[in-house]
Amino acid sequence: KAFLLENVPGLLDMKETFKIIVTALEECGYDVTWEVVSARGLTATGRIRLYLVGLRKEECEDCDGRIGKHNFEFPFVPDLQLTCGDVLEYDNLPPSELEILRLADSTFDQLLNKRRWRPSKLAWPNTVGDTLTSHYGNSVGRGESQLVPCKAPYLPRRFSVREMARMMGFPNSYEFLPPRPNQSPMAYRKESYRMIGNAVCPPLIAALASAVLDRCPD
């Protein structure tokens with residue numbers, strides 16, 4: 001009866017490709033609507049994605065005898081004004097976890113030599129999180145991963161897996177698979193970062209999917 005698709009906003013710049021996609025969906029019997037939506041209102045990160053909604057065409061006729069068309073309207077997304085302080089634990093993680101997540105001296109020295117990095121880019125409690133990517137944790141030394149400030153004399157640290165999931169709007173009840181045998185602590189975290197970075201933001205999907213289901217006939 002309907003579908004909800006997600007992709008990167010850059011797909012709109014590929015005009016011919018995007019036209020082919022929409023045409024193919026319409027030829028399958030759907031009225032297609034799309035919009036670029038940010039998860040900022042429902043999460044502490046500004047993840048922006050392109051969403052396409054398709055509603056199955058109905059053989060209903062309006063008063064003029066023309067086939068009617070579904071005009072889907074994307075729902076209003078409220079702004080909960082969440083910040084990093086709402087989802088990060090800063091120095092309150094177990095000491096063993098903090099030890100794994102904190103940067104090594106060599107990595108921090110590499111970071112300081114990057115012009116694009118500044119202390120203001122840290123995930124301070126009153127700031128909004130950067131858009132998380134699947135390569136979070138692999139690009140720390142290049143200044144491409146937002147880090148959590150720690151109390152002196154400790155260096156900044158990476159997000160924990162749970163904190164990164166919270167940034168994306170996953171509930172604390174969401175369970176992650178345990179590490180594989182012989183998998184190092186950091187390798188496990190980088191694998192989890194990649195999974196979360198490739199995921200959608202559950203609160204936003206819930207809002208969009210509810211609006212789609214509301215348009216589906218019983």
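Strands β2 and β3 (residues 48–56) run antiparallel and are joined by nine bridges. This is a predicted model. The two strands belong to an open sheet of three, ordered β1-β3-β2. Helices α1 (residues 15–27) and α6 (residues 202–214) lie across that sheet's strands.

**The sheet**

- Pairing in the three-stranded sheet is antiparallel.
- β1 (2–7) and β2 (30–38) stand at the edges, each with a single partner strand, so each has one side without a neighbour in the sheet.
- On average, neighbouring strands are turned by 20 degrees against each other, direction ignored.
- Within the β2 and β3 pairing, Asp31 stands opposite Leu55 of β3.
- Strands of a sheet pair through backbone hydrogen bonds, in either a parallel or an antiparallel way.

**Helices across the sheet**

- Helix α1 lies across β1, β2 and β3, and runs at about 135 degrees to β2.
- Helix α6 also lies across β1, β2 and β3. Its angle to β3 is about 20 degrees.

**Helix α1 in detail**

- The 13 residues of α1 should span 18 Å at 1.5 Å a residue, and the end C-alpha atoms are indeed 18 Å apart.
- Phe18, Val22 and Leu25 are the buried residues of α1.
- Those buried residues fall within an arc of 60 degrees seen down the axis of α1, so they line one face of the helix.
- The cover over them includes β1, β2 and β3.
- Glu16, Lys19, Ile20 and Glu27 are exposed, on the face of α1 turned away from its buried side.
- Gly29 follows α1 and has a positive phi, near 105 degrees.

**Helix α5 in detail**

- Helix α5 (residues 185–197) has 13 residues, which should span 18 Å at 1.5 Å a residue; the distance between its end C-alpha atoms, 18 Å, agrees.
- Buried in α5 are Met186, Tyr188, Arg189, Ser192, Tyr193, Ile196 and Gly197.
- Seen down the axis of α5, the buried residues fall within an arc of 160 degrees, so they too line one face of their helix.
- α2 (95–101) and α4 (161–167) are among the elements covering the buried residues of α5.

**Cysteines**

- The whole structure holds zero disulfides.
- Cys28 is in no disulfide; the nearest cysteine sulfur belongs to Cys216 and is 16 Å away.
- Cys84 is in no disulfide either, and the nearest cysteine sulfur, that of Cys150, is 13 Å away.
- Cys84 counts as buried because its relative accessibility is 0%, and the cut-off for buried is under 20%.

Notes: Residues are numbered from 1 along each chain as its sequence is written. This is a predicted model: local features need pLDDT of at least 70, side-chain atom pairs count only at pLDDT 80 or more; totals for chains, interfaces and linings use all residues. Side-chain values use heavy atoms; hydrogens and water are left out. A disulfide is a pair of cysteine sulfur atoms within 2.5 Å. Buried means under 20% relative accessible area, exposed over 50%, partly exposed in between (1.4 Å probe, protein chains only). Two strands pair if DSSP finds at least two bridges between them. Helices (H or I, at least four residues) and strands (E, at least two) are DSSP runs, numbered from the N terminus. Axes are lines fitted to C-alpha atoms, for helices over the stretch in contact, and angles run from 0 to 180 degrees between N-to-C directions. Contact means heavy atoms within 4.5 Å. The expected span of a helix is 1.5 Å times one less than its number of residues. The arc is that of the directions from the helix axis to the C-beta atoms.
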